[in-house]
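Q: I'm new to reading protein models, and I'd like a close look at one small part of this one. Could you walk me through a single residue and then show me how its surroundings fit into the rest?

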Amino acid sequence: MYTPQVIEHYENPRNAGTITDANGTATIGSTASGEMIKLTLKVLEDVIVAAKFRAFGCPTAIASASILTEMVTGSDIPEALQITAVHLSEALGGLPLDKRRYAEAAEEVLKTAIADFLSKTEV
């Protein structure tokens, strides 16, 4: 049921944790609902230099958040905003229809964290 990429990111998640001096933060879902992704970003001069996540849910939720952090680190804000659930799903070897909501949640948490960053930096 899970692709090798999902299994790899679930068993060996990248960038798990929280950035204490993050300047972009978002949480989608809740532990009470059984699905949650929290993303913290450190952005310097419009480039995401670090991204960390905390996730609660099935292996696909954790894998989606893990691959997201890899994809956004080193990207500038306009590049990061182009990342979609489709890109995340493809990077994970393709997700079945009933699991795509996790890639969609990862896209949403990214865009919300970037909006949080931009709200603090715009003049």
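A: Let's start with Thr 3, which counts as buried because its relative accessibility is 14%, and the cut-off for buried is under 20%. Keep in mind that you're looking at a predicted model. Where along the chain is Thr 3? You'll find Thr 3 in the segment before helix 1, the helix that covers residues 4–11.

So what does Thr 3 touch, once residues up to four places away in sequence are set aside? The partners are Leu 92, Gly 93 and Gly 94. That kind of link fits a wider pattern here: of the contacts in the chain with a separation of 6 or more, 60% are between residues 24 or more positions apart.

Now let's set Thr 3 against a few other spots. Glu 45 sits in the loop between strand 2 (35–44) and strand 3 (47–56). Is Glu 45 buried or exposed? With a relative accessible area of 80%, Glu 45 is exposed, since exposed means over 50%. Its backbone has a quirk too: Glu 45 isn't a glycine, yet its phi is positive, at about 50 degrees.

Next door in that loop between strand 2 and strand 3 is Asp 46. Asp 46 is not a glycine either, and here phi is positive at about 70 degrees. For cover, Asp 46 falls in the middle category: its relative accessible area is 35%, so it's partly exposed.

Stay with Glu 45 for a moment and look across to Asp 76. Those two are 31 residues apart in sequence, while their C-alpha atoms are 8.6 Å apart in space. You can try the same exercise with Gly 74 and Val 43: again 31 residues apart in sequence, with 9.4 Å from C-alpha to C-alpha.

Gly 74 itself belongs to the loop between helix 2 (59–72) and helix 3. Gly 74 is exposed, because its relative accessible area is 52%. Being exposed doesn't leave Gly 74 without partners: leaving out residues up to four places away in sequence, Gly 74 touches Val 47, Ile 48 and Glu 79.

Time to zoom out. How many helices and strands does the chain have? There are five helices and three strands, and read from the N terminus they come in the order α-β-β-β-α-α-α-α. The radius of gyration is 13 Å, close to the 14 Å that the globule rule gives for 123 residues, so the chain is as compact as a globular protein of that length. Along its principal axes, the C-alpha trace spans about 45 × 30 × 25 Å.

Thr 3 has company in being buried, as 42% of the 123 residues count that way. The accessible surface of the chain adds up to about 6,200 Å², and carbon and sulfur atoms make up 53% of it. As for charge, there are 10 positive and 16 negative side chains, with the centres of the two sets 7 Å apart.

Finally, how far does the predictor trust its own picture? The average pLDDT of the chain is 95, and 98% of the residues score at least 70. Among the elements, confidence is lowest in strand 1 (residues 24–30), with a mean of 94, and highest in helix 3 (residues 77–81), at 98. A rule worth remembering for any model like this is that predicted coordinates shouldn't be read in detail where pLDDT is low.

Definitions and conventions: Residues are numbered from 1 along each chain as its sequence is written. Side-chain values use heavy atoms; hydrogens and water are left out. Helices (H or I, at least four residues) and strands (E, at least two) are DSSP runs, numbered from the N terminus. The radius of gyration is taken over C-alpha atoms; the globule rule is 2.2 Å times the number of residues to the power 0.38. Buried means under 20% relative accessible area, exposed over 50%, partly exposed in between (1.4 Å probe, protein chains only). Contact means heavy atoms within 4.5 Å. Accessible areas come from the Shrake-Rupley method with a 1.4 Å probe; for residues, only the protein chains shown count as cover. Lys and Arg count as positive and Asp and Glu as negative; His and the chain ends are not counted. The place of a charge is taken as NZ of Lys, CZ of Arg, CG of Asp or CD of Glu. pLDDT is the predictor's confidence in each residue, from 0 to 100.
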